[in-house]
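This report considers the charged contacts, the nonpolar surface and the confidence of one protein model. The sequence and structure are shown first.

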Amino acid sequence: MKKIPLIIFSAPVLASCTANLPQLQPVTIEPTQPLAVELVPQPLATREPILMPPKIKSVDWQASLSPLVQQVVTMGNINDGSVLLVNTMKNSTNGSLQVGKATETLTRLITDAGSKFQVIGIDTLNSARQILGLSADDSLELRSKAVGLARYLNAQYMLYSTASGDAEHPDLDLQLMLVQTGEIIWFGKGIAQETPA
């Protein structure tokens with residue numbers, strides 16, 4: 001009940017408040033002129049040259065190594081079935097070469113040439129490397145290390161190969177070593193041939 005008189009009394013007071021408000025005049029908005037923007041051409045950015053990775057020489061390993069392998073397998077003073085370790089080819093050129101592919105081709109050529117050599121397989125070789133604590137990537141560039149591995153595997157001979165000189169036309173050197181003494185019993189030279197286009 002007390003609220004009703006309060007509402008009745010408040011209504012005229014609130015009504016008088018709105019009556020004293022100033023009248024708002026309509027505002028006209030005039031459009032403005034767009035600002036003139038001067039476009040200044042920017043010089044083209046100088047591009048940095050993109051460095052290309054070194055091009056790996058594409059060598060026809062089959063054609064390059066076949067004549068040398070024929071010389072090795074026709075040696076008369078080696079008994080058929082002699083155990084041979086084919087060492088990973090050493091890259092002594094001034095660039096990059098696919099020495100893994102070269103070693104694989106060399107191993108295959110000797111195996112396919114007949115019964116002159118019994119080539120130690122890659123699985124046996126990798127197991128021996130692991131036992132001796134040698135990395136699978138170790139190319140056994142030191143002859144003494146390679147001969148030590150060959151002795152561990154009971155190989156009678158080791159074929160040590162090197163690519164040297166200019167990577168565009170590397171020289172190939174192969175040495176057949178007697179594992180027991182480390183003596184080089186055969187030496188052959190060749191030049192790597194490019195893969196035909």
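## Salt bridge, surface patch and confidence

In this predicted model, a search of the whole structure finds one salt bridge. Its partners are lysine 189 and aspartate 173, whose side chains meet with an N to O distance of 2.9 Å. The pair links distant parts of the chain, 16 residues apart: lysine 189 lies in strand S6 (residues 183-191) and aspartate 173 in strand S5 (residues 171-178).

The two partners fall into separate accessibility classes. Lysine 189 has a relative accessibility of 57% and therefore counts as exposed, the cut-off being over 50%. Aspartate 173 has a relative accessibility of 14%, so this residue counts as buried, the cut-off being under 20%.

A nonpolar patch of about 300 Å² is also present on the surface, made by Ile131, Leu132 and Tyr152. Tyrosine 152 belongs to helix H5 (residues 143-152). With a relative accessible area of 40%, tyrosine 152 is partly exposed, because this value lies between the limits of 20% and 50%.

The relative accessibilities of the residues discussed are listed below.

| Residue | Relative accessibility | Class |
|---|---|---|
| Lysine 189 | 57% | exposed |
| Aspartate 173 | 14% | buried |
| Tyrosine 152 | 40% | partly exposed |

As to confidence, the protein has a mean pLDDT of 81, and 75% of its residues reach 70 or more. Among its elements, S5 has the highest mean pLDDT (94), whereas helix H1 (residues 3-19) has the lowest (62). Strand S5, the element with the highest mean pLDDT, is also the strand that holds aspartate 173 of the salt bridge.

Key
Residues are numbered from 1 along each chain as its sequence is written. This is a predicted model: local features need pLDDT of at least 70, side-chain atom pairs count only at pLDDT 80 or more; totals for chains, interfaces and linings use all residues. Side-chain values use heavy atoms; hydrogens and water are left out. A salt bridge is a side-chain nitrogen of Lys or Arg within 4 Å of a carboxyl oxygen of Asp or Glu. Helices (H or I, at least four residues) and strands (E, at least two) are DSSP runs, numbered from the N terminus. Buried means under 20% relative accessible area, exposed over 50%, partly exposed in between (1.4 Å probe, protein chains only). Patches are made of residues with over 30% relative accessible area and no salt bridge: like charges are joined within 9 Å, nonpolar side chains (Val, Leu, Ile, Met, Phe, Trp, Tyr) within 5 Å. Accessible areas come from the Shrake-Rupley method with a 1.4 Å probe; for residues, only the protein chains shown count as cover. pLDDT is the predictor's confidence in each residue, from 0 to 100.
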